[in-house]
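Dear colleague,

I am passing on the structure we spoke about, and would be glad if you could look it over before reading my notes, which follow below it.

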Amino acid sequence: KDHIGDFRYNINANIATFRNKVISLGEIGEPITSGLFFDMSTRTEVGHSIREFYGYVTDGIFQNQAEIDTHVTQPGAQPGDIRFKNLNNDNTIDSNDRTFIGNPYPDFFYGLNASFSYKNFDLSLLFQGQYGNDIYNATAFWLTNSGYNFNKGKQILDRWTGPGTSNYEPRLTTLDPNQNSRGSDRYIEDGSYLRLKDMQLGYSLSKPFLNKLGISKARVYFSGHNLLTFTNYSGYDPEVGAARGALGDRTVGFDEVTYPQNKSYILGVSLTF
């Protein structure tokens, strides 16, 4: 904190990090998988974090039958379906091709609190955020998979409808023989964000004017909450915890249509007589 003439400032910053690593799973050491969203979506294994996201790795969309014929065996695949990578090189796409595809825990959290004043004006800002975590966008799971009878998101307007039309959104199918909806990196997104959590701008009226009104202090202010969020996450809100509290840490980092935090604006006057 310091001042330059009538301009004063006070800035505080903080950062917090932690390590999360499984070092033992008992004598047998068998990894623990969790079945969520009709697939084994998380895995706890020695050397990794608890319940990292686990699934298939996508490799675009099959544009025609020729691409399917030259690809390793992928049961149920048709043109317009998602192509998955054969990670164990056995020429067949199956559960053995799953791998770790994301980590729900941030590398660090951080915050910045700053206040400024100049003569009768004052401004305070609170920023907070996190960096390095992944989010399983389960909202996209429900809104893009046509095999489930729910409302759909606008993403499906960019679906595959013929060769060259899309290399990301698969075709519409109510049967889904290729299991396009299976747990994969299709739903994994960067959850890092920076948010302007609180802001307040104020102006204190001059004392000569207030004395005439019998007021000792008066301040007019405008404040806002959750005003700005900087993130690459496509969901409603990157600040997610666990999707289903009843399942505890099984759903940490899953965004299953998490209700977004609302913005709020307040205009006020503070008077002291």
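The radius of gyration used here is taken over C-alpha atoms, and the globule rule it is set against is 2.2 Å times the number of residues to the power 0.38. On that basis, a compact globule of 273 residues would have a radius near 19 Å, whereas this chain, in what I should stress is a predicted model, has 26 Å. Taken along the principal axes, the box that the C-alpha atoms fill is roughly 85 × 50 × 35 Å.

As for the general make-up, the chain holds 15 strands and three helices, and 39% of its 273 residues are buried. Of the contacts between residues at least 6 apart in sequence, 65% join residues that are at least 24 apart. The exposed area comes to about 15,500 Å², with 54% of it supplied by carbon and sulfur atoms.

The charged side chains number 25 positive and 29 negative, and the centres of these two sets lie 12 Å apart. There are nine salt bridges in the model, and I set out three of them below.

One of these joins the side chains of R83 and D59, with an N to O distance of 3.6 Å. Because R83 belongs to strand 7 (residues 82–84) and D59 to strand 6 (residues 58–61), the pair ties together parts that are 24 residues apart in sequence. R83 counts as buried, at 16% relative accessibility, while D59, at 34%, is partly exposed.

A salt bridge also forms between R171 and D81, where the N to O distance is 2.9 Å. R171 sits in the loop between helix 2 (138–144) and strand 12 (188–190), and D81 in the loop between helix 1 (65–70) and strand 7, so this pair connects parts that are 90 residues apart in sequence. Here both R171 and D81 are buried.

In the third pair, E239 and K197, the closest N and O atoms are 3.7 Å apart. Since E239 lies in the loop between strand 14 (217–231) and strand 15 (264–272), and K197 in strand 13 (residues 193–204), the pair ties together parts 42 residues apart in sequence. E239 is partly exposed at 28% relative accessibility, whereas K197, with a relative accessible area of 13%, is buried. Both residues belong to a network of salt bridges that links R195, K197, D237 and E239.

With best regards

Terms used. Residues numbered from 1 in each chain as written. Predicted model: local features only at pLDDT ≥ 70, side-chain atom pairs only at ≥ 80, totals over all residues. Heavy atoms only, no water. Salt bridge = Lys/Arg side-chain N within 4 Å of Asp/Glu carboxyl O. Helix = DSSP H or I, 4+ residues; strand = E, 2+ residues; numbered from the N terminus. Buried < 20%, exposed > 50% of the residue type's maximum accessible area, 1.4 Å probe, protein only. Contact = heavy atoms within 4.5 Å. Areas by Shrake-Rupley, 256 points an atom, 1.4 Å probe, with all protein chains shown as cover. Lys, Arg positive; Asp, Glu negative; His and termini not counted. Charge placed at Lys NZ, Arg CZ, Asp CG, Glu CD.
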